[in-house]
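Here is a short briefing on one protein chain. Keep the structure in view as you read.

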Amino acid sequence: MAAAPPPASSPTPSPARSEPAAPQEPGFLLVAVKPWANVIVDGREAGSTPLEAIALAPGPHTVRINNALFEEIEKRVTIRPGETEKLVVDLTTQGVRKKP
């Protein structure tokens, strides 16, 4: 009597490898304030206007505009990869003057 062939084994699937997501291309924020302001993005000083475009990770960000003569203004912006978002603030028309 002939020997029966060994049972076929199903291949064991290899565990799925989770590749780290490639970092997204940054976007940019261009802030223009009249007359001028100190700019803080996500709690970090970005400098005083006029500023060069600020490279940021894509997604929502909080921008604070400070000028000694006006109340602070806080704005939310959403940055898209490879694009430049412009934030234009005219403190003389949009701002509230501080009381002396």
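**Layout of the chain**

From the N terminus on, the elements run β-β-β-β-β-β-β-α. That gives 7 strands and 1 helix. Keep in mind that this is a predicted model.

**The three-stranded sheet**

- One open sheet is built from 3 strands, in the order E4-E1-E7.
- Its pairing is mixed.
- Strand E4 (54-56) and strand E7 (84-90) are the edge strands, and each pairs on one side only.
- From one strand to the next, the twist averages 25°.
- Strand E1 covers residues 27-34. E1 and E4 run antiparallel and are joined by 3 bridges.
- Look for Gly 27 on this pair: Leu 56 in E4 stands opposite.

**The four-stranded sheet**

- A second set of 4 strands also forms an open sheet, in the order E3-E2-E5-E6.
- Here the pairing is antiparallel.
- Strand E3 (44-48) and strand E6 (70-79) stand at the edges. Each has a single partner strand, so one side of each is left without a neighbour in the sheet.
- The twist in this sheet averages 25° from one strand to the next.
- Strand E2 spans residues 38-41, and 4 bridges join E2 to E3. These two strands run antiparallel.
- Val 41 has Arg 44 in E3 as its bridge partner.

A general point helps with both sheets.

- Strands of a sheet pair through backbone hydrogen bonds, and the pairing can be parallel or antiparallel.

**The nonpolar core**

- In soluble globular proteins, nonpolar side chains tend to be buried together.
- The largest nonpolar core of this chain has 18 residues.
- Leu 29, Val 63 and Ile 65 have the most contacts inside this core.
- At least two core residues come from each of E1, E2, E4, strand E5 (59-67), E6 and E7.
- E6 supplies the largest share, 4 residues.
- Which residues touch Ile 65, leaving aside its neighbours within four places in sequence? Val 31, Val 33, Ala 37, Asn 38 and Val 39 are among them. Glu 72, Ile 73, Leu 87, Val 89 and Leu 91 are also in contact with Ile 65.

**The chain as a whole**

- The chain has 100 residues, and 28% of them are buried.
- Take the contacts between residues at least 6 apart in sequence: 53% of these join residues at least 24 apart.
- The accessible surface comes to about 7600 Å². Carbon and sulfur atoms account for 56% of this surface.

Notes. Residues numbered from 1 in each chain as written. Predicted model: local features only at pLDDT ≥ 70, side-chain atom pairs only at ≥ 80, totals over all residues. Heavy atoms only, no water. Pairing = 2+ DSSP bridges. Axes fitted to C-alpha atoms, helices over the stretch in contact; angles between N-to-C directions. Buried < 20%, exposed > 50% of the residue type's maximum accessible area, 1.4 Å probe, protein only. Contact = heavy atoms within 4.5 Å. Areas by Shrake-Rupley, 256 points an atom, 1.4 Å probe, with all protein chains shown as cover. Core = buried A, V, L, I, M, F, W, Y, C linked by side-chain atoms within 4.5 Å.
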